[in-house]
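Subject: Structure for you to look at

Hello,

Here is the structure I said I would pass on. Please open it beside this note. My findings follow.

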Amino acid sequence: MHVLVNAAMSADGKLATHRREQLRISGDADFARVDRRRAEVDAIVVGVGTVIADDPSLIRFDRERRSEIEPTGVPARVVVDSRGRTPLDAGLLSGDAPTYLLTSEATPPERRDAFRDAGARVIVAGTDRVNLPDAFGALEREGIERLLVEGGGELIFSCFEAELVDELSVYVGSLVIGGQDAPTLADGNGFVESFPALTLRGVERLGDGVLLRWRVENE
Ligand SMILES: NC(=O)C1=CN([C@@H]2O[C@H](COP(=O)(O)OP(=O)(O)OC[C@H]3O[C@@H](n4cnc5c(N)ncnc54)[C@H](OP(=O)(O)O)[C@@H]3O)[C@@H](O)[C@H]2O)C=CC1
Ligand SMILES: Nc1nc(O)c(N)c(N[C@@H]2O[C@H](COP(=O)(O)O)[C@@H](O)[C@H]2O)n1
């Protein structure tokens with residue numbers, strides 16, 4: 001499996017304001033690039049914090065690019081949600097794309113059934129919290145080879161912590177958001193002694209911001 005993390009942050013490293021409301025950090029050129037990347041993957045992944053904050057639908061992608069590389073199918077949507085907090089009327093449960101709910105045993109069976117009734121494919125991995133290596137392994141067995149993780153910061157940190165990330169792309173927009181409680185690119189507990197090593201692969205001006213691309217050097 002190949003895992004790409006892509007997100008947009010302010011010059012001070014924030015993904016959104018401290019109110020955790022969706023914020024347009026990318027400009028048109030970067031959104032068009034993200035749509036191309038979405039078209040190239042098998043699934044787009046977000047954490048339940050992002051679902052609650054943004055209610056994304058994740059069905060926007062560059063359809064021309066998709067038809068060039070993959071004549072059939074659309075990218076699936078995936079939410080990482082240990083306790084089944086995703087609202088049953090969430091945008092990513094509607095539309096034609098398949099949706100996976102990666103959850104844990106903490107979600108009661110009847111809540112899991114409600115997600116199935118809403119059309120989701122439910123994968124249980126972990127006792128209290130989603131075990132990401134196991135959950136991503138289950139996605140792989142479903143034929144999902146290319147994953148695009150869009151955030152938010154807590155999920156991105158966990159993906160790095162579990163050494164699941166192969167590639168990192170960050171669009172740095174020309175704004176300062178500030179706020180010690182605003183989400184950053186990698187939140188969670190943070191690393192203390194050993195840090196993921198990155199190799200810089202690209203620096204590109206896109207509109208009024210900069211796209212940075214790294215390869216992740218997992219051992
Ligand atoms: N600028 C950008 O590019 C983007 C910005 N955002 C912004 O980010 C913010 C949301 O980020 P954030 O609050 O960090 O939430 P996340 O979207 O990262 O979701 C985190 C939640 O996912 C659940 N989860 C389950 N298993 C795991 C696991 N193994 N590791 C980590 N999380 C797990 C947890 O909830 P539980 O325990 O209940 O399961 C956790 O609280 C919003 O403001 C949104 O707008 C989001 C995406 C992109
Ligand atoms: N690349 C990027 N740039 C920004 O400025 C953003 N705010 C985001 N947000 C991500 O896109 C999701 C919404 O997508 P759809 O509207 O459903 O297509 C949002 O939930 C974040 O994951 N991304």
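I start with ligand 1. Strand 1, strand 2, helix 2, strand 6 and helix 6 each put at least two residues into the shell around ligand 1. The top contributor is helix 2, which supplies five residues. In total, 31 residues surround ligand 1. Gly47, Gly49, Gly151, Gly152 and Ser158 come nearest. By class, the shell around ligand 1 holds 13 nonpolar, nine polar and nine charged residues. Please keep in mind that this is a predicted model.

Two of those nearest residues deserve a second look. Gly151 and Gly152 are joined by a cis peptide bond, with omega at about 0°. Gly152 sits in the loop between strand 6 and helix 6. There is one more backbone point to check. Asp55 has a positive phi, near 45°, and is not a glycine. Asp55 lies in the loop between helix 2 and helix 3 (63-69). As background, most residues other than glycine have a negative phi, and most peptide bonds are trans.

Next, ligand 2. Its shell has 16 residues, and the closest are Ala8, Ile25, Ser26, Asp54 and Pro56. Helix 2 (48-54) and strand 6 (146-151) are the elements that give two or more residues to this shell. The class split around ligand 2 is seven nonpolar, five polar and four charged.

Now the sheet. What is the strand order? The open sheet has nine strands, ordered 5-4-3-2-6-1-7-9-8, and the pairing is mixed. Strand 5 and strand 8 (198-206) are the edge strands; each has a single partner, so one side of each has no neighbour in the sheet. Neighbouring strands are turned against each other by 20° on average, direction ignored.

Two strand pairs show the mixed pairing in detail.

- Strand 4 (residues 99-103) and strand 5 (residues 121-124) run parallel and are joined by four bridges. Tyr100 has Arg121 in strand 5 as its bridge partner.
- Strand 7 (residues 167-172) and strand 9 (residues 209-216) run antiparallel, with six bridges between them. Ser169 stands opposite Arg213 in strand 9.

How do the helices relate to the sheet? Two cases are worth tracing on screen. Helix 4 (residues 109-117) combines with strand 4 and strand 5 in a right-handed β-α-β unit. Helix 6 (residues 153-161) lies across strand 1 (2-9), strand 2 (43-47), strand 3 (76-80) and strand 6. The angle between helix 6 and strand 6 is about 135°.

Last, the annotation. UniProt lists residues 2-212 as "domain: Bacterial bifunctional deaminase-reductase C-terminal", in an unreviewed entry. Over residues 2-212 the chain is 26% helix and 25% strand. The end C-alpha atoms of that stretch are 18 Å apart.

I would begin with the cis bond between Gly151 and Gly152, then move to the rest of the shell around ligand 1.

Best wishes

Notes:
Residues numbered from 1 in each chain as written. Chains lettered and ligands numbered in written order. Predicted model: local features only at pLDDT ≥ 70, side-chain atom pairs only at ≥ 80, totals over all residues. Pairing = 2+ DSSP bridges. Right-handed = clockwise from strand over helix to strand, strands pointing away. Near = placed C-beta within 6 Å. Nonpolar A, V, L, I, M, F, W, Y, C, P; charged D, E, K, R; others polar. Axes fitted to C-alpha atoms, helices over the stretch in contact; angles between N-to-C directions. Contact = placed C-beta atoms within 7 Å. UniProt positions renumbered as here; feature names shortened; annotations may be inferred.
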